[in-house]
Amino acid sequence: MCIKLIGRIALTELKPRAAKWKYQRGNRVTIAARDLEACGDAGADNDEDKDDHEDDEIEIPEIVEEILGVLLNSLKHWATVVRWNGAKQLGRIIERMDRENGTHVTETVLEMMDSRESEDTWHGAASALAEFCRRNLIVQDLLSDAIDKMVAGLQFDKRRGDGSIRSEEAHV
């Protein structure tokens, strides 16, 4: 409940806005559209659409920075519900941030996926990355790193009771 509360406090400090830097799912180029662009029939204004990474920088209040620190630490908690709620709140918050700050949070989560970390930390970071993917918040520059970290996390999975932990044999 505490994680949900502080996440919502952060949301009240950041004005609601759509992240312009989110990648767009479902915008697939058909063969016919690609042929039209090659022939020059498509509009020349497409460069503006491709340059979505430019976003107005926003100032992050100090309280939001502190809350981000708490939420990032919640991803290491022993309780699954705390990690899961921390991941959800992080996704909601960075959706209201500019590209630079959102990318910084994503990089911090990726750094948490280190071979020296506990299985709880790996699970929390993977949950956060899943939430970021669900909300289209992982920038293209970090997408390959995120995939590599997720593959590494899956490689040392070992069943334990109803759940699983990392395998001692795997080296990430």
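A nonpolar surface patch, as the term is used here, is made of residues with over 30% relative accessible area and no salt bridge, their nonpolar side chains being joined within 5 Å. With that in mind, and remembering that the model on screen is predicted, the tour can begin at such a patch.

**First stop: the nonpolar patch**

Select Leu5, Ile9 and Ile63, which together form a nonpolar patch on the surface with about 250 Å² of accessible area. Leucine 5 belongs to helix 1, which covers residues 2–13, and its relative accessible area of 51% places it among the exposed residues, because the exposed class begins over 50%.

**The whole chain**

Before going further, zoom out and colour by secondary structure, so that the later stops can be placed; the protein has 8 helices and 2 strands. Followed from the N terminus, the elements run α-α-α-α-α-α-α-α-β-β. Of the 172 residues of the protein, 35% count as buried.

**Second stop: a negative patch**

Now select Glu59, Glu62, Glu65 and Glu66, which form a negative patch on the surface. Glutamate 66, one of these residues, sits in helix 4, which spans residues 62–74.

**Third stop: the cysteines**

Which exposure class does cysteine 2 fall into, and which does cysteine 133? Cysteine 2 counts as exposed, at 54% relative accessibility, whereas cysteine 133, at 31%, counts as partly exposed. A display of disulfide bonds will add nothing to the view, as the structure holds 0 disulfides.

**Fourth stop: a salt bridge between two helices**

Side chains of opposite charge can pair when their charged atoms come close. A search of the whole structure finds 6 salt bridges, and the next selection shows one of them. Pick arginine 99 and aspartate 141, whose closest N and O atoms are 3.5 Å apart in a salt bridge. Arginine 99 lies in helix 6 (residues 99–112) and aspartate 141 in helix 8, so this pair ties together parts of the chain that are 42 residues apart in sequence. As for their surroundings, arginine 99 counts as partly exposed at 22% relative accessibility, while aspartate 141 counts as exposed at 59%.

**Fifth stop: a network of salt bridges**

Move to helix 7, residues 119–134, and select Glu95, Glu131, Arg134 and Arg135, which are linked in a network of salt bridges. Two of the links can be inspected from glutamate 131. With arginine 134, glutamate 131 forms a salt bridge at 2.9 Å, taken from N to O; the two residues are 3 residues apart in helix 7, and so they are separated by about one helical turn. With arginine 135, the side chain of glutamate 131 meets in a salt bridge at 2.7 Å, again from N to O.

Is each of these charged residues buried or exposed? Glutamate 131, which takes part in both of those contacts, counts as buried at 9% relative accessibility, and arginine 135 also counts as buried, at 14%. Arginine 134, by contrast, counts as exposed at 52%.

**Sixth stop: a buried alanine in the same helix**

Stay in helix 7 and select alanine 125, which counts as buried because its relative accessibility is 0%. Then add tryptophan 84 to the selection: the C-alpha atoms of the two residues are separated by 9.5 Å, although alanine 125 and tryptophan 84 are 41 residues apart along the chain.

**Last stop: the loop after helix 7**

Follow the chain out of helix 7 and select asparagine 136, which lies in the loop between helix 7 and helix 8, the latter covering residues 140–155. What is unusual to check in a backbone plot is the phi angle of asparagine 136, which is positive, about 60 degrees, although the residue is not a glycine. Asparagine 136 counts as buried, with 11% relative accessibility.

Leucine 137 lies in the loop between helix 7 and helix 8 as well, and with a relative accessible area of 1% leucine 137 is buried. To finish, draw a distance from leucine 137 to isoleucine 94, which are 43 residues apart in sequence and 7.8 Å apart in space, from C-alpha to C-alpha.

Technical notes
Residues numbered from 1 in each chain as written. Predicted model: local features only at pLDDT ≥ 70, side-chain atom pairs only at ≥ 80, totals over all residues. Heavy atoms only, no water. Patch = residues over 30% accessible without salt bridge, like charges linked within 9 Å, V, L, I, M, F, W, Y side chains within 5 Å. Areas by Shrake-Rupley, 256 points an atom, 1.4 Å probe, with all protein chains shown as cover. Salt bridge = Lys/Arg side-chain N within 4 Å of Asp/Glu carboxyl O. Lys, Arg positive; Asp, Glu negative; His and termini not counted. Charge placed at Lys NZ, Arg CZ, Asp CG, Glu CD. Helix = DSSP H or I, 4+ residues; strand = E, 2+ residues; numbered from the N terminus. Disulfide = S-S within 2.5 Å. Buried < 20%, exposed > 50% of the residue type's maximum accessible area, 1.4 Å probe, protein only.
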